[in-house]
Each structure stands twice: as structure tokens, then as C-alpha cells.
Amino acid sequence: MFYERFLQLCDAARIAPSAAATRAGFNRGTVSVWKRKYEAGQDVSPEQDVINKVCAFFGCTESWLRGIPVENEKKPALTEKDELKLKVAAYWGGGDELSKEELDELWDDAESYYKYKLDQMRKRSISKP
């Protein structure tokens, strides 16, 4: 499945598989190994760093590249910091698809967090000798 998907990406981008390898940052000989294994009916399972490079180069997900159905894909939980960044980004221009009420709610969350952090900083500065 991996090699077939890799070829699909190359075809869509109109780039030779060996050229894609070079531009993505891994050895073009790797593609030849994949091809031989694929033609011999063997499993093609690249190292994780190569998969990461292919995904970054083509802008695809690892699950798609490996042929894993989306419902089985595990998504990492957002940290509070990342969640706040997303909310602020949505408010400052990344949230065109959000309603005014949703944007106001996001801003309220960001403002509350700001006040909380400001209060923490003040408490720390008061408690220092």
C-alpha cells in the first residue's frame, strides 16, 4: 500500500519517484529498493524518518500514506497552550468560517487566560524578596 500511495503522490505532482526522494531529503536508491520489494510482493515499510519526509514533502498524512482508514487514525490531544494559540489565531484572522458569537467566545477565553496569567505574574512579583 505504501509504495502505491507514494507513486500516486509522484504522479499527481508530476515528479519522478527518484526526484521526489531527492527533493524530500532521502536517498533516491531507497525508491529502487521499494520498487523491487513491491514487484516481488513483499511489504514495503520505510523508516519513520523517511515517512515523515514523504508526508512533509507531499503534504499528506501518515495514515493516508500507509493506507490506514481515517477512523483508525489517532489524533494527539492539544495542549492548553496549543488550544489557546488556535483560539487566538481564529480570532485574529484564521477563523473566517466562525460566526461572530463563536469568535466572541474565543476572545473571551483568550482574555480570561490573559487575566489569569497577569494575576499569576503579579503574585510572583509580590512574593519575591
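Which residues does Phe26 touch, not counting residues up to four places away in sequence? In this predicted model, Phe26 touches Phe6, Ala21, Val31, Trp34, Val50, Lys53 and Val54 once those sequence neighbours are set aside. Phe26 itself is found in the loop between α2 and α3, and with a relative accessibility of 9% it counts as buried. Its C-alpha atom is separated by 9.1 Å from that of Asp49, although the two residues are 23 residues apart along the chain.

From Phe26 the reader can turn to the nonpolar core. The largest nonpolar core has 20 residues, and those that touch the most other members are Phe6, Phe26, Trp34, Val54, Phe58 and Leu65. Two or more residues of this core are given by each of the elements α1, α2, α3 and α4. In soluble globular proteins, nonpolar side chains tend to be buried together. Phe6 offers a second view of this region: leaving aside neighbours within four places in sequence, Phe6 is in contact with Pro17, Ala20, Phe26, Val31, Trp34, Val54, Phe58 and Leu65.

Helix α2 comes next, covering residues 17-24, and in this helix Ala20, Ala21 and Ala24 are buried. Seen down the helix axis, the buried residues of α2 fall within an arc of 100 degrees, and therefore they line one face of the helix. What covers these buried residues includes α1 (2-13), α3 (29-39) and α4 (48-58). After α2 the chain continues with Gly25, whose phi is positive, near 105 degrees.

Two cysteines also deserve attention. The structure holds zero disulfides, and the sulfur of Cys55 is 4.0 Å from the closest cysteine sulfur, that of Cys60, which is too far for a bond, because a disulfide is counted here for a pair of cysteine sulfur atoms within 2.5 Å. Seen from the other side, Cys60 is likewise in no disulfide, and the cysteine sulfur nearest to its own is that of Cys55. Both residues are buried, Cys55 with a relative accessible area of 11% and Cys60 with a relative accessible area of 16%.

The last stop is Ser63, whose place is in helix α5 (residues 62-66). Ser63 has a relative accessible area of 7% and is therefore buried, since buried means under 20%. The side chain of Ser63 makes a polar contact, at 3.2 Å, with the side chain of Thr61.

Note on methods:
Residues numbered from 1 in each chain as written. Predicted model: local features only at pLDDT ≥ 70, side-chain atom pairs only at ≥ 80, totals over all residues. Heavy atoms only, no water. Buried < 20%, exposed > 50% of the residue type's maximum accessible area, 1.4 Å probe, protein only. Helix = DSSP H or I, 4+ residues; strand = E, 2+ residues; numbered from the N terminus. Arc of directions from axis to C-beta. Contact = heavy atoms within 4.5 Å. Polar contact = N/O pair within 3.5 Å; in protein donor to acceptor, adjacent residues only side chain to side chain. Core = buried A, V, L, I, M, F, W, Y, C linked by side-chain atoms within 4.5 Å.
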